[in-house]
Amino acid sequence: MHKQVAAFFPALILLSGLFFSTWAQSTSDQIIFKTGWVTTYGVPVKYPRYARSEFPADPVVARLLAGESIPAADKQHPEGSWEPITADENGRFKHEYLAAGGLYLEYESPSDQILIFDASGHGKAYINGAPREGDHFGFGITKHPVMIKKGLNTFYLTGGRNPEIKASLYTPESDLMLSADQLTLPDLVIEEKGFKWAGIKLTNATGKPARGYQIESIVNGSEKMISQVPDLEKLTSKLLPFRISELQGQTQKEVDLQVNLLAQSGKVISSLSLTLNNQSFNSQHDRTFISSMDGSVQYYSVSPGKVQEGKAPALFFSTHGAGVEARGQAAVYAPKDWGHLIAPTNRGPFGFAWEDWGRLDALEVLEIGKALFQPDPQKIYLTGHSMGGHASWYLGATYPDHWAAIGPCAGYAELHDWIEHSRKVSTEMERMFQRASNPQRILLLQRNYLHFGVYIHHGDADQVVPVTHARQMKKLLADFHPDFAYHEYPGGGHWFGNISADWPPLFDFLKNHERPKAAEIRQLEFSTASPGVSSSSNWLTIYQQIRPFQPSHVKLQIAEEASSLSGTTENVKVLQLDLKMAAVSFPFSLQIDETQLIVEQPVNDIVLVRNEDRNWAIGSLPGKNEKGPHRNGNFKDAFRNQVVFVYGTRGNKEEDGWNFHKARYDAETFGYRGNGSIEMISDQQFSPEKYQDRNVILYGNADTNSAWDALLGDSPVQVMNGQMTAGERIWRGDGWACLFIRPRPDSAIASVGVVAGTGLRGFKAALGNQYFLAGTAFPDLTVIGAEVFEKEYEAVAGAGFFGNDWSLELGEFVWD
């Protein structure tokens, strides 16, 4: 991000280096943690938390949520492996146990007070048992306002990516604070007018919502713009969008930006002084946009080429590796005289490994890039390095008609194949979760690579992503692909200079490939594991599957005279063919599997529906109330489409507290991992009309969340205090949780995601939010028992997919 020049928060700047400790050494502004206790609590160190799991075990969390004590200073816990630990001179707690265990800290407060909990290197924090997002990657940007009670306060921090953690508390400088920790800033462009979007973090360190504020931006002391601040919940931080005026025609390379938080009276509550770059359009620069997923501000970087005027350029879509920013990715490439380069962010340096919301970010930026540069549609290319090489394999297989050729560099094909400690699947229940991840398993979609040329580039001495990954894909392609090239760079590690990605022979290969026009394609193969992720290629759309989230395949061939088509399908219920795009002639005959059909009169498209006797018939598309490309599940799919979190307030104090804590925790996690900006409201603030056609995540149950009846009154899954039902199945007691997705009944496009429990024990069982972790997957419905933090998948009582009509009866489930 851009450099901060000055701020009105001297305490915040003082602590940006983060000094840490554990108990009672304090000043008027900060409490420095010096000692604590570290544990693996029975978790083998060889299985770090970095391994991907929907339900990671943590018996310490289980005890915390049960209200049981964990170590005091004068004893070892009898059931776990606890050791006292002291921070080093830099304030870091370091221990091998932190690769898989956690750090326990205590603070004795003289009074009730609101403080800032500032920690780094941890996966998540449980503060007096309430969950808060961690700083898994050690960015130093996780600073939560917390209510500290008089007396003993406990902090349990799970391990993050590296086995070291820092933590401290300090007094907030003011009730509301702007922060430079997670800025998303554009470069101004000399030739452009209007405004650019930017994102800034605002912290509400009070016990009540903040309403009626504005953000004022002032460029170079004169160009002012005002942006309204949405309501901000108590004790939260949120990334907020605001506008910055362009300075058309002004050519200085750097300009001053003042950002002020204004009260309704116009009084400045908080302020930051920043510096913006001011660039020519033809130089590399960063641009921003408002994401359709959550209304947040995201950025991407462009590196315009030196293309001859009047010539349609190519577009190079380049995806970055783990820990790399989009601007760093774009800087790797020398300008080309035949195309422009655009680099999306994946929602962050690590983001979502280009899957889930990283995939959606890539699609958003691709469309923006095409509108910006107006490339030749037949000359759009995909390449990337490391995790971005994985993106080349993944996005290439998932959206095969988008690209003329792909060039994965130092990439692995599948995330689970690269992760050393991936979970081993052994039960039918676990296989249901693996099935939910099938859209990420590109080896199931490998024949989609026939759409384009492939150039594989890898250093033969790579120790981060071993060259065996490239050789595996070379061997796979050799069995069926007629148009791929392979290069191992002798002695090349994971990075051997810019040619690790900007490899001239790779770009020569790209230049020699063009994507065929749809009307020229006479043989087409396409596979998908979910129409909600990827449904079409050229003139073919798989609209519905027979078995959800299992691979679907179609192989079709149009005869030379364009008057007939033949082919086969697998796991396809509804198929749509765009005959106008395919440029066929009429009458037109079809031989699909064992069915023969004739279309006598010219039509733009036809819909084929597979009957129960497995024959095909010409029909019509299912209604929008059924599953399809617009809304298909699984559970993760609910977190998009301007999603809003709605927490219940109709329960008792403890129930309402957990609804709020869980919604805030999820919003914080998406904010950290995905640079997100989630609108979070109470059920009393929600109305279907105000939030029309937006996805909703509902926290609570039918008794504790007043929005339940309007959104889920007709759902076949019902959750209330003391009981959960799924059709005729009943789970009784207060210890059940569930995660599920349903179509929003008043919308043709929106979904409702549900995080529910049958009581306080059930709410706590739903506490984990591994659904924001790349490499995890959740079916449409998951029923979880209270022992999940100890028994993992053995605590799952049911999981599966609703039918195409969103019913239980036509779905596929595994029940314990």
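Student: What makes β40 and β42 a pair of strands?

Tutor: Two strands count as paired if DSSP finds at least two bridges between them. In this predicted model, β40 (residues 644–647) and β42 (residues 696–699) share four bridges, so they qualify. They run in the parallel sense, and Tyr647 sits opposite Tyr699 in β42.

Student: Where do these two fit in the sheet?

Tutor: The order is β41-β40-β42-β47-β46-β48-β49-β50, eight strands in an open sheet with mixed pairing. From one strand to the next, the twist averages 15°.

Student: Why are β41 and β50 called edge strands?

Tutor: Because β41 (679–682) and β50 (812–815) each have a single partner strand, one side of each has no neighbour in the sheet.

Student: Which helix lies across β40, and at what angle does it run?

Tutor: That's α11 (residues 653–674), which also lies across β41, β42 and β47 (751–757), running at about 165° to β40. Helix α7 (residues 428–436), for its part, lies across β48, β49 and β50, at about 40° to β49.

Student: Asn659 belongs to α11. Why is Asn659 called buried?

Tutor: The cut-off is under 20% relative accessible area. Asn659 has 2%, so it's buried.

Student: How do you know that the side chain of Asn659 makes a polar contact with Gly648?

Tutor: The N or O atoms have to lie within 3.5 Å, with a possible donor and acceptor. The Asn659 side chain reaches the backbone oxygen of Gly648 at 3.3 Å, so the distance fits. Leaving out residues up to four places away in sequence, Asn659 touches several residues, including Tyr647 and Tyr699, the two that face each other across β40 and β42.

Conventions
Residues are numbered from 1 along each chain as its sequence is written. This is a predicted model: local features need pLDDT of at least 70, side-chain atom pairs count only at pLDDT 80 or more; totals for chains, interfaces and linings use all residues. Side-chain values use heavy atoms; hydrogens and water are left out. Axes are lines fitted to C-alpha atoms, for helices over the stretch in contact, and angles run from 0 to 180 degrees between N-to-C directions. Contact means heavy atoms within 4.5 Å. Buried means under 20% relative accessible area, exposed over 50%, partly exposed in between (1.4 Å probe, protein chains only).
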